[in-house]
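Welcome to this short tour. Open your viewer, have the selection box ready, and follow along from the whole chain down to a single packing contact.

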Amino acid sequence: MRRHLLRLLNAFGHRRAEDDLSRELASHLAMLEEAHVRRGLTPDEARLAARRAMGSVALVRDAHRDARSVAWLDDLRRDGRHAVRRLRQAPGFAATAILTLGLGIGVNSTFFTIVNAICLRGLPIEAPEHVLTLGTRDAQGRAGGLSYPEFEALRSTQRSFAGVAAYANAPVALADEGRVADRLMGAHISAAGFDLLGERPILGRGFRPEDDRPGAPPVVVIGGSVWRSRYAADPEIIGRAVIVNRTPATVVGVMPDGFRFLQNTELWQPLGTLAGLPDQRRDLRSLFVFGRLAPDASVDRARAELEVLGDLWAREFPETNRAIGGRVVPINEAMNGRITERTWLAFITAGALVLLIACANVANLLLMRGAVRGREIAIRASIGATRGRLVRQLLIESALLAALGAVVGIGSSLLGLHLLSSVVPPEALPYWMTLTIDGRVLAVLVSVSVASVFVFGLAPALHLLRVDVNQVLKDSGRPGATGAPGSRRWTTAFLAVEFALTLVLLAVVVDGARQQSVAERAEFPLDAARLLSMWVTLPGQEYPSPESRIAFYDAVAERLGSVAGVASVATSSALPRVGAPPMQLEIGGSEPSVDGAFPTVAAVEAGEDFFDTLAMPLVRGRTFTRADGSPGQEVAIVNQRLADMFFGTRDPIGRLVRVGRPGSALSGPWARIVGVSPTLRQRPGGPLPDPVVYLPHRSAPAATAAILVRGTGPPDGLARAARQALQGLDPHLPLYRVMSLQRAIDESGWNGRMAEMLARGIAVIALLMALVGLYAVTAHAVHGWGPELGLRIALGAQPRGVAWIVLRRALTQLALGLVVGLACTYAFDRLFTDAAAPHRLTDARVLGPLAVLMALVALAACAIPVRRAVRLDPVVALRAES
Amino acid sequence: MAEHVELLQGTLNLIVLRALSTMGPQHAYGLAVRLDQVAEHPLMLNQGTLYPALVRLEQKGWIKGAWQRTESNREAKYYAITRAGTRALDKQTERWRRLAGLVDKLLLDEP
């Protein structure tokens, strides 16, 4: 044991030991010499005899080192230093290889970070594998929660759990004296909830059982971020009186910043205070129930117990529980994405593919360099380096490249994740799904880097060793020229695949951009950046009737209208380009389609100033008035797209339409079309704008409405004034999602924007990889052709001719790649573009410029090798041949 | 033509320990000379092969090296056996004797 430790230590402190040994050997040899001189030999003979008696000093050193330290560590260190020196001698190669690897590893890490965040990481609670969600499944297999009576029964009789708790989401309005009301994500949770999750408040306390009874004094626990942003981290927050949903309540605790269980919740109330709880019906299954397993219980036992309970309830309460089964799922499994789903598998595959391409590129680069180094390797082999040793040395060089590539990879991955995160709106993802690099991602990164060493390093190393030492020493530098024809075919095929992939990716990206611009041109050019949007939700108790709501909206419009800098205000049920509920549209005199359904359109309830606020003058007819919407005055406005789709060239004005929910019969009054607006889409994606019908807001004023404000200046300046104007009307009513309309549109379409960003990034990376790949292969070829080209130059070939020889090969490979790429693009188009799209992926206007771009890139890749070929000194090249 | 006798690692350790135990502290050259003296048949050991053995013995803590001056005022590294080394020597000698005795007995028992 002691010896092992000493050996390990000696691996690092070898210089002293070497010096010591040198001293000892010198003294030993001197004594041997003396002895031989005494025996009568001359000093020279004595010295020779002494050395003979000692044996090979080099072997003694080796044996000494092997005995005193861990041999392979020593070798590793030496090989490592050697590798660093070699890389510094070839900075161009090193930079290219490291960057290529870095991009490959970086893309891989970024993709895996996304998959990790969404499928693997899970909630940041204690021992999440012991926390299970409990729910129900009905006869149709639909999943649901538990009802309150069921939850209570479960809580009192269950034995598999250390405890169970229920949770229900409910947005809340938080108000204080003198502060503007805020709307927060709120939730009701059982008193035992926080403890079950293993989370402790940073201030105050959680809920106690006495808080959880209906009629108990109202208390709330707030989240750390609310405490900091709204209350400036006030240390006296505990015991403070606040107004929650118009009811006074006391703050009793503050949870840590990172805890936002479950749906980005920022304020918790006890379950018992949920309105109407004790009277809840047995079949209103809206509670999310979770529990922590008892120390001696298992998931199977819990499942079995819930099944038994389900059967019991089915017998006791047949009307509500007859076909209802239990459902027990570990919490992470219930809340995370499934990694086996196609999207995530596609992500992982794509990441692996990019890395493989990067490795193949670096392998090609190494092969090229190997051709240059053939001589050095041969010399080493001839003085006794074993094959194993040589392979190890080459692998260590590869490992060094991979390590540096990993560093670049982490850096580029961080950058990429930062860019992607900036596209994701703050509340879009659950609080535990952050795009950050954690231990698991790092572990994958390291193992992927290690694996890549073997993928790209082993083949060139083995290839190099198959070289015939004698042949190489004679030839001095050309181990088999460009390689066997077989390997050349592989390289050409590989390059073709790279180019083909690049072409497809670029085509997809360019087509996407083109679609976007076409779609934008077909629509009204809305100046969304100058409009302020906000939402308000009127609680049912204070605004029970449509009239009360209309009165409120009118008052808001008036107040806001009088704020300095406001030009126009309007209310509507939905924001443009953000989406709207799909409705069936029945046109007077038309028949439903075969399955009884009418066509689908988007329906928006808009106030009278809606089109004015959007600065969107109508194409025909008139806009809404205050009289519209009341009984007898049902009217509608349609957008140009709807008019084109359903009325063609005929005038829609005067026709009758009515809308209804999909899946139910259409009833209700008919509305007369009084105007046609420019086309403005509601649904964010899709190649073409959707048909929209606008109805007067007054006819059905919803409790939740959007307010649009057009001002003379930038919208952010108006936000504060808007909140204050509203506070004057109703101090407990919060405005939320107050932002410019452009930002609201961007946030709602974040999925698409992120996908677009990813696609563009991948396309650019693919192009870079193809560039590197072509460069490596061409440079390799040029080197192999050295003597041949030298001969041609000596015989009088012009630089242009020489360049053409090199370029011809590269362009052939490019052409092959483009042909394959074209075929792939065609296939991709067939598979993935829907037939209704106005233009196809294989449009010449897209592919033509792309082919030219790739040709230019190919030329750039060949620039250096061509220059080298043209500058070849024929004397040197020919001498190498003989 | 003398042969090189390949000595097992373990026996070389034993021989060195024994030599240091009887002779007292010695340097590598001295040990080599002693080995040649005592063996009736010159072992014709490469003197360099002592060095790995010395390293191993030192790492095990059975000998300890120190730089000193010889009679001719030349500097040399002297190795001395330690107490642990003496104990190990006794144990190994005992084991070797037992093994040799066993082999002897087996060979003698042939009729």
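Start by selecting chain A and showing it as a cartoon: you will find 27 helices and 24 strands. Keep in mind as you look around that this is a predicted model.

Now switch to the C-alpha trace and turn it slowly. Along its principal axes, the trace of chain A spans about 130 × 70 × 60 Å. The radius of gyration of chain A is 38 Å, while a compact globule of 882 residues would have one near 29 Å.

Next, color the chain by burial if your viewer allows it. Of the 882 residues in chain A, 40% count as buried. You can also draw the contacts: among those in chain A between residues at least 6 apart in sequence, 82% join residues at least 24 apart.

Time to zoom in. Select residues 14-38 of chain A, which form helix 2, and then residues 57-68, which form helix 4. At what angle do these two helices pack? The angle is about 135°, and their axes are 11 Å apart. Angles over 145 degrees would count as roughly antiparallel and those from 65 to 115 as roughly perpendicular, so helix 2 and helix 4 of chain A are oblique to each other. Their crossing is right-handed.

Finally, show side chains where the two helices meet. On helix 2 of chain A, pick Ala17(A), Leu21(A) and Leu25(A). On helix 4 of chain A, pick Val57(A), Val60(A), Arg61(A), His64(A) and Arg68(A). Coloring by residue type shows five nonpolar, one polar and two charged residues in this contact.

Notes: Residues numbered from 1 in each chain as written. Chains lettered and ligands numbered in written order. Predicted model: local features only at pLDDT ≥ 70, side-chain atom pairs only at ≥ 80, totals over all residues. Helix = DSSP H or I, 4+ residues; strand = E, 2+ residues; numbered from the N terminus. Rg over C-alpha atoms; globule rule 2.2 N^0.38 Å. Buried ≥ 20, exposed ≤ 12 C-beta atoms within 10 Å, placed from the backbone. Contact = placed C-beta atoms within 7 Å. Axes fitted to C-alpha atoms, helices over the stretch in contact; angles between N-to-C directions. Parallel < 35°, antiparallel > 145°, perpendicular 65-115°, else oblique. Left-handed = near helix turned anticlockwise from the far one by under 90°. Nonpolar A, V, L, I, M, F, W, Y, C, P; charged D, E, K, R; others polar.
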